[in-house]
Amino acid sequence: MENTRVLEIDSVSKYFGSLKALDNVSLAIGSGEVFGLLGPNGSGKSTLMKMILGLIKPDAGTIKVDGIDVRNNSLQVRRIVGYVPETPRVYEFLTAIEYLDFIADIHQMDAQAKKERIGEFLRAFELEGRENEMLSGYSQGMKQKAVITAALIHKPKLLVMDEPLNGLDPRSARIVKDLIHQLSKEGVSTIFSTHVLEIAEAVCDRMAIMSGGTVLAEGTASDLRSQAGMPGSTLEELFLKLTGTGDVKNIVEALLK
Ligand SMILES: Nc1ncnc2c1ncn2[C@@H]1O[C@H](COP(=O)(O)OP(=O)(O)O)[C@@H](O)[C@H]1O
Ligand SMILES: [Mg+2]
């Protein structure tokens, strides 16, 4: 890993009532690194990502972004982080350009930089010519592209995306994957969650497999295979074994009987 640590998650735990959503999670991400969070529903991925932004506070442990402790400096952290939530809420009654202008203004971008940056993304996401339409008329995929643009408008150092490829058609998903790769070359780090293991394998430098609020394994895809003693396996086989859902084949067979 690169020596500059953009994200350091150290021994983080979180309870919701008596439910332990995160149990002593530690992870570190270097500059330009692309990191995937994999895990079944309820494994704590979204909770962890919200904590990076300071939207949820850990009960124990610390999170630092670019050396800044999120606990008491969440506004400072949000200036250098871009966030795409799991179920983004957009202002339906704004046009795409009004929405993006508004987000850029929150970040106090100057008019010229704002115009250029928004233009670049509209082109890249093939939304050019549609920017004066209301977001209420946008498809889910188009909204997702607008939300990803909003997350990147202020040139964050760290991009946090919760299931970013949800609702995207294969072409749009490809554009987002290429974008993550391009950002990485420019030194921007990305942490994102996904259910789609091929995507994780194609895009991530390293990944963590989570279950029940803990990190079961972490590393490159090949690290994970050797840790699990499954050298020739697919990421899917590995995932199913580690998360204890390896009996799905039997379940499916039983269902089909
Ligand atoms: N605000 C909340 N209040 C109570 N329980 C929550 C809350 N947010 C998440 N949880 C619970 O914490 C666990 C982890 O959830 P989450 O982080 O959303 O997992 P994932 O994103 O991996 O599906 C789940 O059991 C979920 O029901
Ligand atoms: Mg989630």
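A residue belongs to the shell around a ligand if one of its heavy atoms lies within 4 Å of that ligand. Keep that in mind as you move through this predicted model.

**Stop 1: ligand 1 and its shell**

Start by selecting ligand 1. Then add the residues around ligand 1: Phe16, Leu19, Ala21, Pro40, Asn41, Gly42, Ser43, Gly44, Lys45, Ser46 and Thr47. Coloured by class, this shell shows 4 nonpolar, 6 polar and 1 charged residues.

Which elements supply at least two residues each? They are β2 (19-30) and α1 (45-52). Of the elements you can highlight here, α1 gives the most to the shell, with 3 residues.

Now zoom in on the oxygen atoms of ligand 1. Lysine 45 brings a polar side-chain atom to 2.8 Å from one oxygen atom of the ligand, and a polar side-chain atom of serine 46 also lies 2.8 Å from an oxygen atom of ligand 1. With serine 43, look at the backbone instead: a polar atom there is 3.1 Å from a ligand oxygen. Switch to a surface view next; on its own, ligand 1 has 560 Å² of accessible area, and the protein covers 60% of it.

**Stop 2: the magnesium ion**

Keep serine 46 selected and add ligand 2, the magnesium ion. Its protein donors are Ser46 (OG) and Glu86 (OE), at 2.0 to 2.6 Å. Serine 46 sits in helix α1, while glutamate 86 is in the loop between β6 (81-84) and α3 (96-106), 40 residues away along the chain. Are these two donors buried or partly exposed? Serine 46 is buried, at 16% relative accessible area, whereas glutamate 86 is partly exposed, at 40%.

**Stop 3: salt bridges**

The whole structure holds 14 salt bridges. Try these:

- Select lysine 20 and aspartate 23, whose side chains meet at 3.2 Å, N to O. Lysine 20 is partly exposed at 33%, and aspartate 23 is partly exposed at 29%.
- Move to helix α6 (residues 170-185), where arginine 174 and aspartate 178 lie 4 residues apart, about one turn of the helix. Their closest N and O atoms are 3.1 Å apart.
- Go on to glutamate 201 and arginine 225, with closest N and O atoms 2.9 Å apart. Glutamate 201 belongs to helix α7 (residues 197-203) and arginine 225 to helix α8 (residues 221-227), so this pair ties together parts 24 residues apart in sequence. Arginine 225 is buried at 14%, but glutamate 201 is partly exposed at 35%.
- Finish with Glu33, Arg206 and Glu218, joined into one network by salt bridges that share partners.

Key: Residues are numbered from 1 along each chain as its sequence is written. Chains are lettered from A and ligands numbered from 1 in the order in which they are written. This is a predicted model: local features need pLDDT of at least 70, side-chain atom pairs count only at pLDDT 80 or more; totals for chains, interfaces and linings use all residues. Side-chain values use heavy atoms; hydrogens and water are left out. A polar contact is a pair of N or O atoms within 3.5 Å; within protein, one must be able to donate a hydrogen and the other to accept it, and residues adjacent in sequence count only if both atoms are side-chain atoms. Accessible areas come from the Shrake-Rupley method with a 1.4 Å probe; for residues, only the protein chains shown count as cover. Ala, Val, Leu, Ile, Met, Phe, Trp, Tyr, Cys and Pro count as nonpolar, Asp, Glu, Lys and Arg as charged, and the others, Gly among them, as polar. Donors are N, O and S atoms within 2.8 Å of the metal (3.2 Å for Na, K and Ca); water is not among the atoms, so sites may look incomplete. Buried means under 20% relative accessible area, exposed over 50%, partly exposed in between (1.4 Å probe, protein chains only). A salt bridge is a side-chain nitrogen of Lys or Arg within 4 Å of a carboxyl oxygen of Asp or Glu.
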